[in-house]
Amino acid sequence: MTAGEQVAAAALATVGSRFRAQGRDPALGLDCVGVVAVALGERGLPRDYPLRSATWRVEQVPGGMVACDGDAIGDVLLCRVTAVQLHLVVRTAGGFVHADAGLRRVVERPGKVPWPVVAAWRKEG
């Protein structure tokens, strides 16, 4: 299994977890950063952050990640949902995994990400 497939499998394992703002434990709830943190094994993601922000600081890039085009399984995509809201998702073979605040749970959505992608990272190795 490639590093990207491992990241995607870990993200898929969170599907069904309830949504919880700034949540980091699948048993208690996750937000989008929490899904990515679980998928990456808690690698350098911020623990305290604003719920809405129009910026993403370079130091918030997960450790052990490299910039990429975002087209491979397991890639982490930073998307701009609105002018002031960013959102993280993990690419899977069939679409992407993310914490859906509206549905109040982590889901896998089929197809392409519906938001503009601001940046993308891939696990090294």
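Here are some worked exercises on the predicted model shown above.

**Exercise 1. Work out how helix α2 sits in the structure: is it enclosed or open, and what lies at its two ends?**

Step 1. Start with the extent of the helix: α2 covers residues 32–40.

Step 2. Now check burial, where the cut-off is under 20% relative accessible area. The residues that pass are C32, V33, G34, V35, V36, A37, A39 and L40. That makes eight of the nine residues of α2, so the helix is largely enclosed by the rest of the structure.

Step 3. Zoom in on V33. Its relative accessible area is 4%, so it counts as buried. Its C-alpha is 9.2 Å from that of A21, a residue twelve places away in sequence.

Step 4. Look at the N-terminal end. D31 acts as the cap there, with a side-chain oxygen 3.2 Å from the backbone nitrogen of V33.

Step 5. Then look past the other end. G41 follows α2 and has a positive phi, near 75 degrees.

**Exercise 2. Find the residues other than glycine with a positive phi at Q22 and R104, and say where they lie and whether they are buried or exposed.**

Step 1. Recall the background: most residues other than glycine have a negative phi.

Step 2. Take Q22. Its phi is positive, about 60 degrees, and it isn't a glycine. You'll find Q22 in the loop between α1 (3–12) and β1 (24–25). With a relative accessible area of 27%, Q22 is partly exposed.

Step 3. Take R104. Its phi is near 65 degrees, again positive in a residue other than glycine. R104 sits in the loop between β6 (95–100) and β7 (105–110). Its relative accessibility is 47%, so R104 counts as partly exposed too.

**Exercise 3. Trace the strand partners of β4.**

Step 1. Begin with β5. Strand β4 (residues 76–82) runs antiparallel to β5 (residues 85–91), and six bridges join them.

Step 2. Check the connection: β4 and β5 make a hairpin, with two residues between them.

Step 3. Pick out a residue pair in that hairpin. C79 stands opposite H87 in β5.

Step 4. Move on to β8. Here four bridges hold the pairing with β4, and the strands run antiparallel. One of the bridged residues is V76, whose partner in β8 is W121.

**Exercise 4. Describe the largest nonpolar core: how many residues does it have, and which elements build it?**

Step 1. Count the members. The largest nonpolar core has 20 residues, and those with the most contacts inside it are V35, V76, L88 and V90.

Step 2. Assign them to elements. Those giving two or more residues are α1, α2, β4, β5 and β6. The most comes from α2, with six residues.

Step 3. Follow one of the well-connected members. Ignoring neighbours within four places in sequence, V76 touches V36, L40, M65, L88, V89, V90, A119, A120 and W121.

Step 4. Don't stop at one core. Another, of six residues, lies apart from it, and C79, V89, V113 and A120 are among its members.

**Exercise 5. How many disulfides does the structure have, and how far apart are the sulfurs of C32 and C79?**

Step 1. Run the search over the whole structure: zero disulfides turn up.

Step 2. Test C32. The nearest cysteine sulfur belongs to C79, 9.2 Å away. A disulfide needs the two sulfur atoms within 2.5 Å, so this pair doesn't qualify.

Step 3. Add the burial. C32 is at 12% relative accessibility, so it counts as buried. C79 is also buried, with a relative accessible area of 0%.

**Exercise 6. How many aromatic pairs are there, and what geometry do the rings of F96 and W115 show?**

Step 1. Search the whole structure: one aromatic pair comes out.

Step 2. Read the geometry. The ring centres of F96 and W115 lie 6.0 Å apart, and the planes meet at 70 degrees. Over 60 degrees counts as edge-to-face, so that's what this pair is.

Step 3. Place the partners. F96 belongs to strand β6, while W115 is in the loop between β7 and β8 (117–123). They are 19 residues apart, and the pair links distant parts of the chain.

Step 4. Finish with F96 itself: its relative accessible area is 2%, so F96 is buried.

Key. Residues numbered from 1 in each chain as written. Predicted model: local features only at pLDDT ≥ 70, side-chain atom pairs only at ≥ 80, totals over all residues. Heavy atoms only, no water. Buried < 20%, exposed > 50% of the residue type's maximum accessible area, 1.4 Å probe, protein only. Polar contact = N/O pair within 3.5 Å; in protein donor to acceptor, adjacent residues only side chain to side chain. Phe/Tyr/Trp six-rings, centres within 6.5 Å; stacked < 30°, edge-to-face > 60°. Pairing = 2+ DSSP bridges. Core = buried A, V, L, I, M, F, W, Y, C linked by side-chain atoms within 4.5 Å. Contact = heavy atoms within 4.5 Å.
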